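I opened the model to look up the surroundings of the ligand and then the contact between two domains. My entries follow in that order.

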Amino acid sequence: MDLVWFRNDLRIRDNSNLIDASGAGESILAVYFFDPRHYQIDEFGFKKTEKYRAQFLLETVSDLKENLNNLNISLLVYLGKPEDILPELIEKYDIKNIYLQKEWTSEEAAVLLNVQQNIPQGIKFIEKYDQFLWHPDDIPYNHFSQIPKVFTNFRKTCEKHTSVRPAKKIPKKLSQENRLDNTTHIPSLQSLGLEHFKRDSRSAFPFKGGENQALERIQSYFFKSKNLKNYKETRNGLVGSAYSSKLSAWLANGSISPRTIYWYVKKFEEEYIKNDSTYWLIFELMWRDFFKYISLKHGDSIFKINGISTATYEWKSNNSIRKEWIDGATKYSFVNANMIELAKTGWMSNRGRQNVASFWSKENQQDWRIGAAYFESMLIDYDVHSNYGNWMYASGVGNDPRDRIFNIEKQTERYDASGNYTRLWTQNNLFD
Ligand SMILES: Cc1cc2nc3c(=O)[nH]c(=O)nc-3n(C[C@H](O)[C@H](O)[C@H](O)COP(=O)(O)OP(=O)(O)OC[C@H]3O[C@@H](n4cnc5c(N)ncnc54)[C@H](O)[C@@H]3O)c2cc1C
């Protein structure tokens, strides 16, 4: 029997491993682990995963389980470490091949190594990059070390020489016999050590996890409302779900692939309109790819205090500045509104993220890794490469050739002139 080990590729459409495994002629089984290490306290004192992302993940895995069931594939779900559970599964089901998405960041690589050390020799691991818009085999660089420092150079070269691969279909339904008696259960939020919460009605991200919901979001943002055609003008918005695609959370855990989104944008362009906005959504997906390639190029440096830059700064760590930032009690009500939104919903707009990050690490010179770790804990759409890449960029230890600092008063005037956004999160908060 073959095993598909799901990690950040929680979908049945355009999933290379699932297609290959189900076409190999063997029976297949699938597994997902809620790894307890992802719910522990990190070195800066934050829970690695807070309730918002955990809830979204529980919904995602539940959706995946159902979608796989419809293909007669059983998804076993465990709350435990892969290296503790996989050896038993391998023996019990006589597993020969394990298919999984290729991840390279140190924590993921360490888990895989632990697994490999705990199992009999001869088990084959088939790992594939499946999280990119432009597949690593298709970009015009022989080695990741050649990835340019500057995004524009990377983008222009890839746009000229690289095509986006077609999205793969859902695998064919397997026969009923492939299905196992599955006695495993998806854990509860409480069993992950997190508390139940009520969704905040003000949230700009009122969505649930799962591939089906991601597809629904594409239908509604692209085809029903046609908001996509104005994306470039609205993308710096702050209030409500319509100003940007909100696809990041599904992309982050792989319940939708960037290729699928790309091909839906192309469909929209054919059926309705091709303009700067439709291009810009794809442009942002290129940024997403860029940070993944930067992470491949620089490895663990993206987690280090100097990042990938040679610049050195005097980083500070002041507990009262930290508390004020997190609680939304700084001198800028715009920063406060964004930080309160994050704390209450797990979401913050891109404009907000740029400002609060600049405030933290540029204006206050606080250790940027603390800010990044707080985002890692809170964000529904946390993605290791996008988070650490953007944080390095915003903190002057990344790729930004301009090394900017945001003038928060000017930003507030420009993006929240009416004060509606700031009021939504600072005033209502008084009555909670
Ligand atoms: C300090 C900081 C931390 C961030 N942390 C994360 C993170 O953990 N996870 C994450 O997905 N994004 C992160 N971003 C990038 C960006 O803010 C979000 O991707 C975006 O706000 C998500 O909203 P959306 O899906 O509506 O984006 P849209 O504007 O609709 O963009 C479409 C897609 O393009 C990608 N994208 C857009 N902007 C960026 C960007 N700057 N970098 C990389 N990809 C981008 C996302 O996948 C997004 O879903 C961070 C940005 C900053 C400044």
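Entry 1, ligand shell. I counted 26 residues around the ligand, and the closest are Y231, S244, S245, K246 and N350. I took a residue as near if one of its heavy atoms lies within 4 Å of the molecule. This is a predicted model, in which local features need pLDDT of at least 70 and side-chain atom pairs count only at pLDDT 80 or more, while totals for chains, interfaces and linings use all residues. Residues are numbered from 1 along each chain as its sequence is written, and side-chain values use heavy atoms, with hydrogens and water left out.

Entry 2, backbone contacts. I looked for polar contacts, here pairs of N or O atoms within 3.5 Å. A backbone N or O atom of K246 is 2.6 Å from an oxygen atom of the ligand. For L247 I found a backbone N or O atom 3.1 Å from a ligand oxygen atom. A polar backbone atom of S248 lies 3.0 Å from an oxygen atom of the ligand. Of the 820 Å² of accessible area that the ligand has on its own, the protein covers 96% (Shrake-Rupley method, 1.4 Å probe).

Entry 3, what the shell is made of. Two or more residues each come from α8 (248–252), α10 (276–298), α13 (350–363) and α15 (384–395). Helices are DSSP runs of H or I, at least four residues, numbered from the N terminus. α10 gives the largest share, 5 residues. By type I noted 12 nonpolar, 8 polar and 6 charged residues, with Asp, Glu, Lys and Arg as charged and Gly among the polar ones.

Entry 4, domains. Where does the ligand lie with respect to domain 2 and domain 3? It lies between them, because both domain 2 (131–166 + 209–303) and domain 3 (307–426) give residues to its shell. The bounds come from an automatic or database domain assignment.

Entry 5, domain 1 against domain 3. Domain 1 spans 1–129, and its C-alpha centre is 32 Å from that of domain 3. Their contact (heavy atoms within 4.5 Å) takes 12 residues from domain 1 and 20 residues from domain 3. About 1,300 Å² is buried between the two, 60% of it from carbon and sulfur atoms; buried area is the accessible area (1.4 Å probe) lost on putting two parts together, summed over both. On the domain 1 side, F44, F46 and Y52 lose the most area to domain 3, together 50% of what that side buries.

Technical notes: A polar contact is a pair of N or O atoms within 3.5 Å; within protein, one must be able to donate a hydrogen and the other to accept it, and residues adjacent in sequence count only if both atoms are side-chain atoms.
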